[in-house]
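Biologist: Please show me the model, and then let us go through the terms used for the ligand site and the cavities one at a time.

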Amino acid sequence: MRLLVAGAAGMLGLDVLRAGERAGHELVALARPELDITDGASVQEAFERVRPDAALNCAAWTDVDGAETHSEQAHAVNADGAGNLARAAAAVGVQLVHVSSDYVFDGEAPRDPTGAPRAYLESDPTGPRSVYGESKLAGERQVLAASQRHTVVRSSWLFGIGGRNFADTMLELGAVRDTVQVVTDQVGCPTWTGHLAPALLGLIERGVAGLVHLAGAGHVSWNGFAGEIFRQAELDCRVEEATTAQMARPAPRPAWSALESEREDVLPLPPWQDGLAGYLAARAGMMRV
Ligand SMILES: NC(=O)c1ccc[n+]([C@@H]2O[C@H](COP(=O)([O-])OP(=O)(O)OC[C@H]3O[C@@H](n4cnc5c(N)ncnc54)[C@H](OP(=O)(O)O)[C@@H]3O)[C@@H](O)[C@H]2O)c1
């Protein structure tokens, strides 16, 4: 298939290109200099020129704290930019797979019948608490309104070799420090872009449309994630407990971010620990080159 990829130079975009090439697709990789998704006319022209069989949107305003003070720019990319791609794809009759975020939820864990916290499902009500989350939710709505063929994939806590991420930061700190302090009161699903990218292609190959949750299976706090990073990387660094209140940030972070799919046509991703192992192997390979 001929696939148009917007935001192709981002962390997820780079793994989508790798996964697409491996699967034998023809990739038309458009990074921001080639396609600014906030420019509706350029987006339309790109779809008419490329004539893809489907498209993926990996472009986004991902500076969560910066969005609080640059709300217009965040909305221009995450809401209207996503909408531009969705309308242009619909105009040439092709599916768009658009990536969204756990930040569309309020971060208060839903409960199962026994009262235990459970992962957010696609049917759970949204309630973003940050400008970034609001802009991502507005983007979801524009994409789903443009065509019934389009797909919105919510994921969370991404890490991959194509960009700066939490695992990367911990590996750097763990190499030079004896201890790090990491919050225990934010829980989510770490997701390796090396797992997410082929799964996004799978949704296109199988024609899965609508709203989908796709994140590393299981859930953990940032503190627990850091501990597993040091364990797998064999770094002797102790992870001390911290709270969100101690680490004041401009944008509120959801306390609970776990995502699962309730859809039978969605294949779950492997456990987040396997994603971490894959990431460490890919990172080691990259550093040897
Ligand atoms: N990272 C996470 O933890 C996380 C969690 C859940 C969901 N997501 C979602 O996953 C997707 C991929 O995220 P990521 O982590 O790969 O982000 P990323 O590494 O920041 O990549 C985003 C890309 O979008 C590009 N971009 C920004 N504005 C653009 C515009 N107007 N036109 C075209 N391209 C533009 C950026 O280019 P420049 O670098 O030139 O600005 C960058 O290459 C996003 O939709 C994000 O919201 C991410």
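**Ligand site and cavities**

Modeller: A polar side-chain atom of Lys 136 lies 2.8 Å from an oxygen atom of the ligand. The model is a predicted one, in which local features need pLDDT of at least 70 and side-chain atom pairs count only at pLDDT 80 or more, while totals for chains, interfaces and linings use all residues. Residues are numbered from 1 along each chain as its sequence is written, and side-chain values use heavy atoms, with hydrogens and water left out.

Biologist: Why is the pair formed by Lys 136 and the ligand called a polar contact?

Modeller: A polar contact is a pair of N or O atoms within 3.5 Å (within protein, one must be able to donate a hydrogen and the other to accept it, and residues adjacent in sequence count only if both atoms are side-chain atoms). The 2.8 Å for Lys 136 therefore qualifies, and so do the 2.6 Å from a polar side-chain atom of Arg 32 to a ligand oxygen and the 3.2 Å from a polar backbone atom of Ala 60 to a ligand oxygen.

Biologist: How many cavities of 30 Å³ or more are there, and what makes a space a cavity?

Modeller: A cavity is a set of points, on a 1 Å grid over the protein atoms alone, where a 1.4 Å probe fits but cannot get out; points are joined across faces, edges and corners, and a volume is the space filled by probe spheres set on them. By this rule there are three cavities of 30 Å³ or more, and the largest has a volume of about 40 Å³.

Definitions and conventions:
On a 1 Å grid over the protein atoms alone, a cavity is a set of points where a 1.4 Å probe fits but cannot get out, and a pocket is an open set with protein on both sides within 12 Å along at least five of seven lines; lining residues have an atom within 4 Å of a point.
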